[in-house]
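The following exercises concern a predicted model. Each task is followed by a solution in steps.

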There are 2 protein chains.
Amino acid sequence: MYISVPATSANLGPGFDTLGVALSLRNSVRIKRSKFFSISIRGEGADNVRLKGNNLFVSIFNEHYRRLTGRQDKFRFTFYNHIPLSRGLGSSSAVIVSAIAAAYTAAGIGISREGLLNRALVYEPHPDNITPAVMGGFNVATIDGGRIYSIKKEMPKGLKAVVVIPDRPISTAHSRKRLPKRYTTQDVVYNLSRSSLLTAAIFSERWEMLRVASKDRMHQDIRMEGMPELFQLQKMALQHGALISTLSGSGSTFFNMVYERDAFHLEHLLQNRFPNFRVLTLDFDNRGLIIEE
Amino acid sequence: MYISVPATSANLGPGFDTLGVALSLRNSVRIKRSKFFSISIRGEGADNVRLKGNNLFVSIFNEHYRRLTGRQDKFRFTFYNHIPLSRGLGSSSAVIVSAIAAAYTAAGIGISREGLLNRALVYEPHPDNITPAVMGGFNVATIDGGRIYSIKKEMPKGLKAVVVIPDRPISTAHSRKRLPKRYTTQDVVYNLSRSSLLTAAIFSERWEMLRVASKDRMHQDIRMEGMPELFQLQKMALQHGALISTLSGSGSTFFNMVYERDAFHLEHLLQNRFPNFRVLTLDFDNRGLIIEE
């Protein structure tokens with residue numbers, strides 16, 4: 001069995017805990033029934049011994065597989081990881097989503113994409129990463145009564161993501177702690193109106209609205225203070241064609257959306273300016289979770 | 001010259017100061033150059049003497065006409081008003097928008113709908129009423145650098161608004177004062193995610209999402225405490241086919257969106273239960289401001 005899940009950029013612009021998009025950068029895992037349990041990891045995390053000893057994928061997989069089948073079978077897991085760890089590109093969501101999907105598939109029990117999302121919510125209470133990971137495309141999501149309600153828009157051709165992955169993380173725990181506990185009505189309306197406008201802009205493909213619609217007042221500046229060169233990066237990206245330039249998730253990765261014709265120029269400009277960061281031009285992903293039995 | 005502007009329901013669901021929709025209930029005015037200034041008012045406000053003496057339309061019209069032409073010509077104004085006053089159906093926005101449009105038309109100077117919106121913002125700092133009044137349809141709007149940025153979705157056939165207009169207003173001033181000054185992150189995400197989802201639902205015509213997407217935690221319940229029967233009204237509407245049941249603007253009118261097939265039943269049910277309130281089934285308006293020279 002082969003399972004593959006895309007990277008995601010969540011917290012998109014003003015869309016705190018709400019908006020996310022899937023990127024063509026995938027983690028995959030091949031799973032075979034076996035006499036002995038074994039793990040091999042290639043790519044991101046391959047040199048991290050802890051990931052083998054205390055593997056989140058395996059523990060979620062086993063928990064669900066045992067619950068579904070009542071059995072404790074053994075498997076050989078081979079991971080091919082392309083999503084950087086702890087950089088705000090949804091690597092944890094990819095693990096959670098693929099582990100649950102793998103358990104249902106291995107048990108021979110069907111589960112809808114919506115059902116899978118609701119199972120994943122137990123491990124990741126913010127729906128903006130797991131929803132695009134499962135669905136692909138741009139997604140708007142909310143939680144109501146313990147369930148995710150989401151709507152997807154397929155991303156059209158002609159747009160690219162230029163993502164800039166710093167050489168170090170911003171600590172999520174540290175950043176969350178520094179965020180305000182309460183927001184003024186003015187700041188709420190600032191983000192609420194822009195998150196709604198960003199949604200309208202993407203659904204109606206009114207790209208000229210993205211610059212105004214992608215501004216945030218809830219969390220980005222506070223988090224970016226932990227890595228001040230991100231302010232220069234954002235300024236440079238907006239001066240050179242970025243339609244959206246925003247922290248990916250809680251960072252440290254920066255997500256820039258551009259017309260295809262501007263991607264090459266922006267990628268090289270940012271790579272030259274930030275030689276220690278990885279700069280990748282990616283397509284948007286519209287497939288989400290892929291399962292091959 | 002003849003100018004006509006539709007009623008609007010703003011603050012739609014969770015879309016505080018952001019989402020609004022135009023309804024097929026219009027205020028019109030006929031304006032003729034004349035030797036003497038005169039006003040006549042038919043319909044809503046006809047019996048209100050103060051509206052003749054201190055007329056907001058006339059003062060905004062004169063202000064703009066004089067600025068644009070340098071002249072102080074006299075006009076005869078005949079108003080045909082169908083939008084109830086002080087009930088959260090956008091009667092002030094209709095006055096502001098039509099007065100500015102009339103002044104430009106009388107002066108023979110063109111103004112775009114966007115330009116008109118930015119002029120209107122001086123008198124009405126919340127864009128969610130004036131935008132649908134000018135544009136028609138469902139609108140998402142934000143303000144950036146003193147300008148309105150908005151995106152419109154034409155409302156399709158097959159949907160109706162069942163609006164319930166109480167026999168008295170909720171004081172806007174009173175209600176605004178009682179609203180919180182700050183909101184918890186949890187409440188912000190509640191509204192922000194639902195306002196975004198409501199936008200996605202309307203743009204993609206996923207009507208089954210509206211029930212969850214139209215819930216609000218920012219202002220409705222607090223305002224409805226000023227007229228507790230509105231809670232019963234909302235409950236009854238949601239039990240009998242309403243896809244959205246929400247305060248219109250800051251009230252006291254209640255806006256219910258239904259499939260056409262459910263409108264007749266809901267209208268009669270609500271009219272019987274609330275005999276002192278006016279219950280109207282309306283189409284959505286997609287034309288917005290109409291000018292005939």
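**Exercise 1.** Determine how far apart the centres of domain 1 of chain A and domain 2 of chain A lie, and characterise the contact between these domains.

*Solution.*
Step 1. Taken over C-alpha atoms, the centres of domain 1 of chain A and domain 2 of chain A are separated by 24 Å.
Step 2. To this contact, domain 1 of chain A gives 27 residues and domain 2 of chain A gives 37 residues.
Step 3. The bounds follow from the domain assignment of chain A, in which domain 1 comprises 2-154 + 286-292 and domain 2 comprises 159-282.
Step 4. Between them, domain 1 and domain 2 of chain A bury about 2300 Å², with 64% of it on carbon and sulfur atoms.
Step 5. Of the area that domain 1 of chain A buries against domain 2 of chain A, 30% comes from A:P14, A:F16 and A:R87, more than from any other three residues.

**Exercise 2.** State how many salt bridges the rule finds across the interface of domain 1 and domain 2 of chain A, and give the closest N and O separation for A:K153 and A:E205.

*Solution.*
Step 1. The rule requires a side-chain nitrogen of Lys or Arg within 4 Å of a carboxyl oxygen of Asp or Glu.
Step 2. Across the domain interface in chain A, two salt bridges are found.
Step 3. For the salt bridge of A:K153 with A:E205, the closest N and O atoms are 2.7 Å apart.

**Exercise 3.** Describe the interface of chain B and chain A by residues, buried area and salt bridges.

*Solution.*
Step 1. Chain B contributes 40 residues to the contact, and chain A contributes 40 residues.
Step 2. The two chains, B and A, bury about 3200 Å² between them, 68% of it on carbon and sulfur atoms.
Step 3. B:I151, B:R182 and B:L192 account for 18% of the area that chain B buries against chain A, more than any other three residues.
Step 4. Four salt bridges are counted between chain B and chain A.
Step 5. B:R194 forms a salt bridge with A:D144, and their closest N and O atoms are 2.9 Å apart.

**Exercise 4.** Specify the packing geometry of helix α2 and helix α3 of chain A, and classify the residues in their contact.

*Solution.*
Step 1. Two packed helices are described by the angle between their axes and the distance between the axes.
Step 2. The axes of α2 (residues 56-69) and α3 (residues 91-107) of chain A come within 8 Å and cross at roughly 35 degrees.
Step 3. The crossing of α2(A) with α3(A) is right-handed.
Step 4. Residues of α2(A) in the contact include A:F57, A:F61 and A:R67, while those of α3(A) include A:V95, A:I100 and A:Y104.
Step 5. The residues of the contact of α2(A) with α3(A) comprise 15 nonpolar, three polar and one charged.

**Exercise 5.** Locate the cis peptide bonds at A:S252 and B:S252, and report the sign of phi at A:D17.

*Solution.*
Step 1. Most residues other than glycine have a negative phi, and most peptide bonds are trans.
Step 2. In chain A, a cis peptide bond joins A:G251 and A:S252, with omega about 5 degrees; A:S252 lies in the loop between β9 (244-247) and β10 (254-259) of chain A.
Step 3. In chain B, the peptide bond from B:G251 to B:S252 is cis, with omega near 5 degrees; B:S252 lies in the loop between β9 (244-247) and β10 (254-259) of chain B.
Step 4. A:D17 is a residue other than glycine with a positive phi, near 60 degrees.
Step 5. A:D17 is placed in the loop between β1 (2-9) and β2 (19-33) of chain A.

Terms used: Residues are numbered from 1 along each chain as its sequence is written. Chains are lettered from A and ligands numbered from 1 in the order in which they are written. This is a predicted model: local features need pLDDT of at least 70, side-chain atom pairs count only at pLDDT 80 or more; totals for chains, interfaces and linings use all residues. Side-chain values use heavy atoms; hydrogens and water are left out. Axes are lines fitted to C-alpha atoms, for helices over the stretch in contact, and angles run from 0 to 180 degrees between N-to-C directions. Helices (H or I, at least four residues) and strands (E, at least two) are DSSP runs, numbered from the N terminus. A crossing is left-handed if the near helix is turned anticlockwise from the far one by less than a right angle, and right-handed if clockwise. Contact means heavy atoms within 4.5 Å. Ala, Val, Leu, Ile, Met, Phe, Trp, Tyr, Cys and Pro count as nonpolar, Asp, Glu, Lys and Arg as charged, and the others, Gly among them, as polar. Domain bounds come from an automatic or database domain assignment. Buried area is the accessible area (1.4 Å probe) that two parts lose on being put together, summed over both.
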